[in-house]
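I opened the file to look up a few packing and pairing details. My notes are below, in the order in which I made them.

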Amino acid sequence: MIISYQWLCEWVSPPSDIAHLCDSLTMAGLEVGSANALSLLSNRVVVGEVLTVETVANHSGLHLCCVDTGHTRSRTIVCGADNVYVGMKAAVALPGAKLSNGLKVKQRSIAGFSSNGMLCSSQELGLNEDSSGILWLDDDAVLGRTLNDHLGLDDVLLDIELTPNRGDCLSVAGVAREVAAVTGAALTPPIVSTTRARHRQRIPIVLEEPKDCPRWVGRALTGLDPNARTPDFLRERLRRCGIRGIGLVVDVTNYVMLEYGQPMHAFKMDSIDRGIRVRRSKSGEALTLLDQQQVTLAPGTLVIADETQAIAIAGVMGGLSTAVSDSTQQVLLEAAYFRPGAVAQRARQMGLQTDAVYRFERGVDPHQQKRAISRATQLLTRFAGAQAGPVCEAVVSKYVPSRRRIKLRRKRLDRILGTRLAGRLVKGGLERLQMDVQVSGSDWLVRPPSYRLDVSYEHDLIEEVARINNFETLPTRLPHTRALRGIAPEQNLPVTVLQDLLVARGYQEVITYSFVDGAAQQLISPKLTPVTLRNPIAANMNVMRTSLWPGLLETMVRNLRRQEDRIRIFESGRVFSVQNGMSVERTCIGGAILGLAFAGQWDGARAAVDFFDLKGDVEALLSYGEIAHSSRWRSTENVAALHPGESAEILLQNKPIGLAGKLHPDLADYYGLEQPIYLFELDLEEVLARKIPHYKSVSRFPALSRDLSVVVSSEITASQVIREIRAAGGDYLCNIEVFDVYRGKGIESTEKSLSFALTLQSTSRNLTDGEIDRQIDKIVEAIGKNLGGTLRS
């Protein structure tokens, strides 16, 4: 929000020390991002009046002008602008003036005539980009006065960075109120006299949706002078606040919006059919907006309509059919209160962000509409000779926000602030903020003003007391708390253990948004119903993630674009889905890898990552919870995001707890990925629920190793064979390791040979060869019976 210091001084007497004012506002919660003084023009740029205009013969487009600059003698100036005319007040750069583009004006000969100065455009003066003609000044501008004085360029612009809850400060009036409260200066708003009605033209108003628009105020103005132009001071203030001048009527509505914070609109009266209705849009109803964009309104959109058609989107933008122009002589002024949510939702859906939306969605004062209408009427009556009709208002009082009294307790105030402020400071500070304060014993009953929609509870009042009495004066006291050590269940691993493990294995942790692109989410998890956002912050962040993979893949893409060719990343966080109409949340840990299995080596070995590199990382995670042996991997082809031939489901006691595999080629094309990527995702709660470790004595007796090679069907996995070995191995079996997989000569094409190293040991005695042989026989028998395997000879 840009605020002119000069404009602010019309409302209040702020400190002349700009730096002190900025510090005071910042400490009060209105952070001043910058304070920039306007660049002054040369004092040789003055107000002049064109006395005569003659066309220069044989030089098309050149005019010889006689210009009065308030000196004894007039001066001749050769001008090439088309808009120069006799009697025009214009900006004149006298010889010796230096313009914003660095050009120094000198007396020189043009087309055989001596030109003693220069009639300047706005662009040449650095005021704006308009170079279509010379700058046209007010007819009552004082001749010879410097343009710095005429336009009030000795000004400082305060860029105030407001938090979303302080919509009441999106105006000069709002900031002036804060300055008055913080500094104790008197608030002196400009006097807005009541403009008496000059005619009886009324406009019927019907509020069909009073919950979203409980108040609508209008006023018909007739007899506007089509030749009236925006006065210099008003146009210049709009420019400093970043608003382009359009025409007197529109400029006045924008001026009132900046001054009071009340968005306004002006309709061309002749184009309105009989009356105004605030209603919902009809199915398929279309509207051409002021920016000439034609939109089809979503059903239920709040609109301003006449008896025939919609003429504006309420609180967002007006329609082209009722737009005012320079020739418009009858207008209907509008000032209304719209419920913030009703405006914000539709504006975001339609991708429209206007100054009106910015204010309405933060909340405007529901009781200032008549005041804004009166101010706009005053200005249009003064500068355009408008004839005002009666003020027309439609209001449904029960839906207009009202302010109840809030009880502020002394004990709670002292406890939160950590000190005891004198009662006069509490009451006086709140009253400087225009609040109605009643003392009730040691407490206070406070009613906030209508524009302070952010003050609704006791803690809001405590914040107001603290900031208006200066946070810096409050003592710093640490809270007194008892340090209680939380005892986590022993069977639950902390997630930091798994995070540290992955970091040790070369991964980097990332944190991505829980909001993801619905289209990408559908490709990754088509069987899960995502939670859809009503008001997404961006079109590609419209659903909650059902998997960690969308964020991980987007991170992969961004890093690949930055020439990273070996990436290992992981994330732990919540995922969301809708099941049986209810939102379900799970905590997961997931990761993704691509590139070389190891960083560049001196021997030149450059093996790329594969499924088994990923499997090793996942098994390391499972081993921390001592569930690696009780979990199993099952090949799957039913995961849309993974390659059918290189994907697996991870099960614990036949319950799925995760997925791992290679990214599906279709998804790789969708993300524009050429390198193979491997991903995993585990249910974090299952992984962290470990078995409690028990002490087991170290055997004093030697361990014996036996190798076992069996031939099984190619469809049998090593994990299936290990489960049979473990089940039949008895208490003496300590460890199992796969050391060979063989297919080839001597083995049928539909079979394979798996070789295992078995370690057997007793804690009470030495095992005999006979005992070990009998145990091996049981294992071979179990493999043959349950898996159809045979001992390899």
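The entries cover two helix pairs and one strand with its partners.

**Entry 1: model type.** I noted before anything else that this is a predicted model.

**Entry 2: α14 and α17.** I looked up how helix α14, residues 495–504, sits against helix α17, residues 611–624. The angle came out at about 150 degrees, and the axes are 10 Å apart. Angles over 145 degrees count as roughly antiparallel, so I logged α14 and α17 as roughly antiparallel to each other. Their crossing is right-handed. On the α14 side I listed Val497, Leu498, Leu501 and Leu502 as the contact residues, and on the α17 side Ala620, Leu621 and Tyr624. I then sorted the residues of this contact by class: seven are nonpolar, with no polar and no charged ones.

**Entry 3: α20 and α21.** I repeated the lookup for helix α20, residues 718–728, and helix α21, residues 769–787. Here I recorded an angle of about 135 degrees with the axes 9 Å apart. The range from 65 to 115 degrees is roughly perpendicular and roughly antiparallel starts over 145, so α20 and α21 are oblique to each other. I noted the crossing of α20 and α21 as right-handed. From α20, the contact takes in Gln720, Val721, Glu724, Ile725 and Ala728. From α21, I wrote down Gln775, Lys778, Ile779, Ala782, Ile783, Asn786 and Leu787. By class, the residues of the contact of α20 with α21 are seven nonpolar, three polar and two charged.

**Entry 4: β20, burial.** Next I turned to strand β20, which spans residues 331–337. How many of its residues are buried? I found seven of seven, and I put the strand down as mostly covered. I also checked the two faces of β20, and both are covered. One side carries Val331, Leu333, Ala335 and Tyr337, and the other carries Leu332, Glu334 and Ala336, all buried. I marked Glu334 in that list, as Glu counts as charged.

**Entry 5: β20, partners.** Which strands pair with β20 in the antiparallel sense? I found β12, residues 215–222, running antiparallel to β20 and joined to it by seven bridges. In that pairing, Arg215 has Tyr337 of β20 as its bridge partner. I also found β13, residues 264–268, paired with β20 over five bridges, again in the antiparallel sense. For Met264, I recorded Ala335 of β20 as the bridge partner. Both of these β20 partners, Tyr337 and Ala335, are on the side I listed with Val331 and Leu333.

Note on methods:
Residues numbered from 1 in each chain as written. Predicted model: local features only at pLDDT ≥ 70, side-chain atom pairs only at ≥ 80, totals over all residues. Heavy atoms only, no water. Axes fitted to C-alpha atoms, helices over the stretch in contact; angles between N-to-C directions. Helix = DSSP H or I, 4+ residues; strand = E, 2+ residues; numbered from the N terminus. Parallel < 35°, antiparallel > 145°, perpendicular 65-115°, else oblique. Left-handed = near helix turned anticlockwise from the far one by under 90°. Contact = heavy atoms within 4.5 Å. Buried < 20%, exposed > 50% of the residue type's maximum accessible area, 1.4 Å probe, protein only. Pairing = 2+ DSSP bridges.
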